[in-house]
Amino acid sequence: MGLLRVIMPPKLQLLALLAFAVAMFFLENQIQKLEESRGKLERAIARHEVREIEQRHTQDGLREREAAAAALTNSEDDLVIIYNRVPKTASTSFTNIAYDLCGKNRYHVLHINTTKNNPVMSIQDQVRFVKNVTEWREMKPAFYHGHVSFLDFTKFGVKRKPIYINLIRDPIERLVSYYYFLRFGDDYRPGLRRRKQGDKKTFDECVSAGGSDCAPEKLWLQIPFFCGHYSECWNVGSQWALEQAKYNLVNEYMLVGVTEELEDFVMMLEAALPRFFRGATELYKTGKKSHLRRTSEKKPPTKESIAKLQQSAIWKMENDFYEFALEQFQFVRAHAVREKDGELYLLAQNFFYEKIYPKN
């Protein structure tokens with residue numbers, strides 16, 4: 001500035017100072033505008049980042065919901081039911097309901113046909129069967145049925161066990177039905193020749209004569225079917241087998257019904273396992289009854305025949321098991337079904353969730 005004062009006249013010095021001041025003001029104004037623009041840009045970037053985070057959370061939540069839904073679908077499609085049916089307990093009648101519904105409800109029904117209807121599998125067949133049930137994905141969801149005693153899948157190291165269900169019947173009524181079935185068959189396959197066909201002896205006559213087909217030992221069937229593949233299960237009159245059968249019924253079976261209350265059994269299965277039994281109750285009530293099967297020429301036994309069988313320790317054990325199963329079934333039913341005007345109704349859901357933390 002000293003040089004300007006020497007060289008430039010005062011007027012020009014004043015103009016130079018004014019020009020410098022204007023330039024500084026302009027620069028400060030531009031800097032302020034740039035600061036404002038930078039602030040706007042930073043806010044815009046921040047909003048964009050927030051939107052991206054929200055979108056990621058939304059997408060993650062959607063993927064989680066889709067994954068959960070897929071897992072639920074996969075879980076339902078991975079279900080396997082085993083109905084190790086006891087002979088002459090309305091097993092064919094019930095199984096035909098499963099056959100009637102399998103196409104509509106999209107699952108497979110497979111009959112376990114053992115040689116000579118032997119309910120005990122060899123160890124190698126047990127391994128094969130467990131492998132088939134757990135790994136045969138093309139057949140899942142699946143409903144297996146057959147006259148096979150209970151098989152404990154945990155012994156074979158599987159991660160997911162099948163769901164067991166079953167039906168049992170008053171032991172004497174079951175034996176009477178089986179006795180006449182061997183001689184006269186039923187209305188399901190009336191032309192099929194049965195093993196005892198031609199034997200006209202009634203059940204009462206058999207009991208009176210002490211015949212083998214109506215002996216108390218023939219009552220020993222429902223206990224070993226529930227007891228399973230242990231040698232003691234098939235020792236007639238084994239107290240251990242009775243206790244093991246009770247244990248398995250409570251701990252290994254989702255539901256065990258009784259022949260005398262088949263409709264209630266069907267209704268509860270539809271409520272618990274709709275993936276398989278949706279429409280089963282309506283089919284049972286109003287269908288063409290193609291699922292029903294009745295033994296031909298069956299005559300009810302006399303009080304004397306019943307009393308004679310009831311003197312047996314084997315009957316007392318089998319009846320003990322039947323009464324145990326009936327009590328358990330009625331307990332489950334009492335908490336699931338109500339009757340009104342002669343009709344059965346399922347109870348609505350009776351629980352809900354609250355006080356869910358942390359809050360989102």
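**Charged and polar side chains in a predicted model**

Lys 140 is buried, its relative accessible area being 14%. The model described here is a predicted one, and this lysine offers a convenient point of entry. Lys 140 counts as buried because its value falls under the 20% limit that defines the term. Its side chain meets that of Asp 78 in a salt bridge, with 3.0 Å from N to O. The two partners come from distant parts of the chain, 62 residues apart: Asp 78 belongs to the loop between H2 and strand E1 (80–83), and Lys 140 to the loop between helix H4 (123–135) and E3. Asp 78 is partly exposed, at 21% relative accessibility. Both residues also take part in a network of salt bridges that links Asp 78, Arg 137, Lys 140 and Arg 160.

The structure holds 12 salt bridges in total, and two further examples may be considered. Within helix H4, Glu 135 forms a salt bridge with Lys 131, and the closest N and O atoms are 2.9 Å apart. These two residues are separated by about one helical turn, because they stand 4 residues apart in helix H4. Glu 135 is partly exposed, with a relative accessible area of 48%, and Lys 131 is likewise partly exposed, at 47%.

Glu 261 and Arg 333 provide the other example, their side chains meeting in a salt bridge of 2.5 Å, N to O. Glu 261 is in the loop between strand E5 (253–258) and helix H9 (262–272), whereas Arg 333 is in helix H13 (residues 313–334), so this pair ties together parts that are 72 residues apart in sequence.

Polar side chains also make contacts with backbone oxygens. His 147 is located in the loop between strand E3 (142–145) and strand E4 (163–168), and it counts as buried at 18% relative accessibility. A polar atom of the His 147 side chain lies 2.8 Å from the backbone oxygen of Arg 85. Thr 286, by contrast, is exposed, with a relative accessible area of 54%. Thr 286 is found in helix H11 (residues 280–286), where a polar atom of its side chain lies 2.8 Å from the backbone oxygen of Glu 282.

The account ends at the surface. Lys 40, Arg 43, Arg 47 and Arg 51 form a positive surface patch. One of these residues, Arg 43, has its place in helix H2 (residues 10–77) and is partly exposed, with a relative accessible area of 47%.

Key: Residues are numbered from 1 along each chain as its sequence is written. This is a predicted model: local features need pLDDT of at least 70, side-chain atom pairs count only at pLDDT 80 or more; totals for chains, interfaces and linings use all residues. Side-chain values use heavy atoms; hydrogens and water are left out. Patches are made of residues with over 30% relative accessible area and no salt bridge: like charges are joined within 9 Å, nonpolar side chains (Val, Leu, Ile, Met, Phe, Trp, Tyr) within 5 Å. Accessible areas come from the Shrake-Rupley method with a 1.4 Å probe; for residues, only the protein chains shown count as cover. A salt bridge is a side-chain nitrogen of Lys or Arg within 4 Å of a carboxyl oxygen of Asp or Glu. Lys and Arg count as positive and Asp and Glu as negative; His and the chain ends are not counted. The place of a charge is taken as NZ of Lys, CZ of Arg, CG of Asp or CD of Glu. Buried means under 20% relative accessible area, exposed over 50%, partly exposed in between (1.4 Å probe, protein chains only). A polar contact is a pair of N or O atoms within 3.5 Å; within protein, one must be able to donate a hydrogen and the other to accept it, and residues adjacent in sequence count only if both atoms are side-chain atoms.
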